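Colleague: Before I use this model, I would like to go through the labels attached to it and hear the grounds for each.

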Amino acid sequence: MRNNLYGMFFPKSIVVIGATSDMKKHGGAMLARAIEFGYKGKIYLVNPKQNTIFNLKCYKTVLDLPETPDAAFVVIPAVVVLKTVEECGQKGIKNIIMISAGFKEVGGEGIEREKKLLEIIKKYGINLVGPNCPGFVSPFADLHFMMSVANVQKGGVVILSQSGGITAAMVDFAKDLGIGCRLICGIGNKADVNEVDIMETMIDNEAFLEGIKVIVLYQESIVDAGRLLKVAMRFAEKDIPILSLKSGRGDFGRKAALSHTGAMASSDAAVDALFKKARIVRVEGINELLTLAASFEKIPIPSGNRIAIVTNSGGPAVVAADYFEKYGLTLAQLSDVTKEKLRLILDKFSAWCAVDNPVDIIGGGSGQMFQEVVELLFNAEDNDIVLVTMPRPSFEGVLQDIAHSLAITRRVNSDKPMFVVTMTDVDHDLRERYSRAGLPIFLYPEEAVKIIGKMCEYGGRRKNVFKIFNPGKCLGIHKEEAEKVIQRYKNKFLSQEDARKVLEAYGFKFPRTVLAQGKDEIEQYMHFCQYLADFKSDCIYKVVLKIESPDILHKSDAKCVKEMILFPEAPGPNVYNEIIANAKKYKSDAEIKGVLIQEFIGGGKEVLIGVKKEKEFGHLISFARGGIYTEAERDIAFALTPLSFEDADELTKSIRFYEILKGVRGEKPVDFDELRHALLRISQLVSDFPQIVELDINPVKAFADKIICVDARIKVE
Ligand code: ADP
Ligand code: MG
């Protein structure tokens with residue numbers, strides 16, 4: 001944890017270094033704002049060229065100040081920053097927010113300057129936010145030192161953002177959406193203090209944590225993935241959601257990867273996997289980020305996904321319900337008791353109302369009708385969420401009437417989540433009324449349903465949180481056996497034979513396989529016949545021949561995988577020779593170690609189990625539809641190690657192919673228990689041997705009662 005960081009955001013006194021009366025400069029505009037928004041602590045100013053600004057005294061340097069302020073805002077040109085920061089250190093200042101730009105982000109000498117800056121702050125134990133950041137707003141400290149002008153309400157949202165422009169924009173959006181904030185901070189270059197440091201300070205400091213409902217992150221890079229995971233888990237335990245817009249999804253690095261998993265896993269997949277494990281909700285864009293934040297701030301986290309709809313027109317309800325499946329939601333089945341009570345309410349008003357879900361109280365529905373119906377649904381146990389949709393009623397004043405009723409209903413019954421879709425742009429006063437009552441409103445049904453889906457997903461992951469650091473236990477593992485093999489390799493792929501030995505030591509089953517090799521062709525042929533004779537005596541009728549070469553990783557691509565029938569006639573050397581010839585055609589100088597002869601495994605469903613080591617994140621385990629079309633299909637799911645049993649279970653269920661693995665048209669399901677254990681054993685393998693950088697078992701043939709691997713690749717660093 002960072003010492004003193006709390007003081008950065010709740011300072012009793014601040015100094016603005018680079019303060020000026022020129023309102024066209026940041027040092028002037030931001031200072032003016034801090035004063036205007038009513039910061040109650042002491043404000044000191046430093047500017048060697050002015051005596052007073054806004055009637056406040058100016059000091060020549062920080063060294064001249066009569067006391068040591070809790071935080072320093074630095075708004076001076078980059079070239080004079082280092083000297084000033086040195087002086088801050090001498091003065092004993094522990095927190096600096098550096099608005100000044102001209103560091104790493106400009107390259108060249110900026111990189112050097114940032115390095116020197118870091119040396120100075122390390123020397124004095126200073127916390128530095130920025131450089132190149134837009135400042136922060138700390139509403140509970142009445143401190144607004146930020147490039148943006150809009151007023152920020154006090155509330156439960158924390159926004160930490162890596163982009164100055166987006167931070168400033170979020171201040172405006174927050175106001176429009178009625179979001180109240182505990183802190184909005186631009187973290188700029190993250191040279192020193194990053195979002196993880198701030199979150200750690202929050203969770204360890206009761207005064208800071210108090211009232212925080214949701215944390216909103218805009219991230220361009222993930223630093224300290226391990227610490228992020230840990231601190232996120234602590235927020236998850238407290239049911240304080242963390243939402244992240246992580247930008248930069250493209251990843252060009254993966255093209256270089258040689259394994260299937262490597263080719264399909266981007267570091268973005270690692271981000272997804274990390275967020276999943278950490279219960280961080282990933283969002284697609286700024287709008288979704290803030291709308292979801294507003295909802296989490298104001299609406300309780302759903303405890304289930306059954307939705308009851310109340311509407312004054314069928315259309316919007318049907319549109320909403322059409323999106324339920326996509327977001328994992330269901331239309332609640334109202335109980336007979338609920339329906340009976342509904343009938344009693346609705347009969348008072350009209351004979352045409354629909355007493356089912358959606359509850360359609362038709363066009364003339366008044367505020368009182370909405371109120372009575374919503375209250376009834378709030379009290380019923382057959383639904384978890386109430387969704388109200390209401391196209392503009394045809395009578396004057398009804399919109400206001402409904403808003404009033406819903407606001408009161410919400411206030412009185414605060415446990416169950418309620419969402420309101422207005423289907424029309426409501427005016428400022430109405431919006432305020434809803435917002436005050438804790439009801440963010442949505443214009444379109446699909447928008448609301450998406451947000452409900454995300455909130456439910458978060459709620460649903462609650463049960464996983466406590467299990468996640470509990471890696472599954474695997475029996476029957478012979479680590480020493482694997483060690484003997486792996487230690488012989490450095491920075492390359494293991495041979496297929498050795499990859500098999502490693503995996504067999506971890507409990508994986510392979511078909512009988514032998515390597516035919518020799519110095520010349522006659523000798524090779526003799527070996528070959530010998531092996532086939534072995535297979536024949538076991539009454540195996542078919543084998544698969546594959547090239548063994550460190551230069552040919554994808555053997556089918558080189559036409560070096562061939563099936564061969566052993567009965568009724570003894571096969572000649574043709575297939576064998578063909579494989580060698582194809583290998584040479586594929587790569588003339590390929591080193592050929594021989595030909596693997598492997599028992600043919602008929603039937604089964606082909607899946608892939610893989611691993612890719614991602615720097616910062618650790619090992620990413622993948623589960624996918626396997627076989628030679630795996631990359632074309634990209635039906636793949638990822639999870640970070642160590643896997644818990646629940647993670648393994650979720651992996652197997654997360655791909656489209658799961659529907660087929662479950663069995664169709666009377667087929668039995670594949671052996672999911674074995675698949676889960678296989679994933680856990682791989683998780684164990686890479687934690688025992690962190691030097692494994694890529695691993696592919698493709699395919700694993702899955703049957704109803706077993707799984708068998710027929711091809712495996714392992715690369716170590
Ligand atoms: P590569 O992935 O290098 O092309 P594989 O050994 O995975 O080579 O073989 C390609 C395909 O051949 C597999 O996806 C699988 O469908 C099939 N295959 C390979 N070995 C066997 C086997 N022993 N039994 C049945 N089918 C096999
Ligand atoms: Mg393969």
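Colleague: What makes N698 and D711 ligands of the magnesium ion (ligand 2)?

Modeller: In this predicted model, N698 (O) and D711 (OD) coordinate the ion at 2.2 Å. A donor has to be an N, O or S atom within 2.8 Å of the metal, so both atoms qualify at that distance. The two residues are 13 apart in the chain: N698 belongs to strand β28 (residues 692–702), and D711 to the loop between β29 (707–709) and β30 (712–716).

Colleague: Why is N698 called buried, and why is D711 too?

Modeller: The limit is under 20% relative accessible area. N698 has 5%, so it is buried. D711 has 15% and therefore counts as buried as well.

Colleague: Which class does D70 fall into, and on what value?

Modeller: Its relative accessible area is 28%, and partly exposed covers what lies between 20% and 50%, so D70 is partly exposed. D70 sits in the loop between β4 (56–59) and β5 (71–74). Neighbours within four places in sequence aside, D70 has contacts with G7, P11, K12, S13 and N95. K94, 24 residues from D70 in sequence, has its C-alpha 6.8 Å from that of D70.

Colleague: What makes G602 partly exposed?

Modeller: The value for G602 is 41%, and exposed would require over 50%, so partly exposed is the label. G602 lies in the loop between β24 (594–599) and β25 (605–614). Between the C-alpha atoms of G602 and A174 there are 60 Å, with 428 residues separating the two along the chain.

Colleague: How do you know that β21 and β24 are paired?

Modeller: Pairing takes at least two bridges, and β21 and β24 have 4 in the antiparallel sense, so the condition is met. One of the bridge pairs joins V514 to I597 in β24.

Colleague: Why are β21 and β23 described as edge strands?

Modeller: The open sheet has 4 strands in the order β21-β24-β22-β23, with antiparallel pairing. β21 (513–516) and β23 (561–565) each have a single partner strand, so each keeps one side without a neighbour in the sheet. From one strand to the next, the twist averages 25°. Helix α21 (residues 574–586) lies across β21, β22 (542–548), β23 and β24, at about 25° to β22.

Colleague: What makes a set of residues such as the one with F9, L183 and F235 a nonpolar core?

Modeller: Its members must be buried residues of nonpolar kinds, Leu and Phe included, joined through side-chain atoms within 4.5 Å. The largest such set holds 68 residues, and F9, L183 and F235 have the most contacts inside it. Another core, of 47 residues, lies apart from it and includes A482, F623, A648 and A702. L183, leaving aside neighbours within four places, is in contact with residues including F9, F136, V157, I159, L160 and F208.

Colleague: Why is T409 called buried?

Modeller: T409 has 0% relative accessibility, and the limit is under 20%, so T409 is buried. Helix α15 (residues 398–412) contains T409. Beyond four places in sequence, T409 is in contact with Q371, V374, E375 and F378.

Colleague: How do you know that the side chain of T409 makes a polar contact with S405?

Modeller: A polar atom of that side chain is 2.5 Å from the backbone oxygen of S405. The cut-off is 3.5 Å, so the pair is a polar contact.

Note on methods:
Residues numbered from 1 in each chain as written. Chains lettered and ligands numbered in written order. Predicted model: local features only at pLDDT ≥ 70, side-chain atom pairs only at ≥ 80, totals over all residues. Heavy atoms only, no water. Donors = N, O, S within 2.8 Å, 3.2 Å for Na, K, Ca; no water. Buried < 20%, exposed > 50% of the residue type's maximum accessible area, 1.4 Å probe, protein only. Contact = heavy atoms within 4.5 Å. Axes fitted to C-alpha atoms, helices over the stretch in contact; angles between N-to-C directions. Polar contact = N/O pair within 3.5 Å; in protein donor to acceptor, adjacent residues only side chain to side chain.
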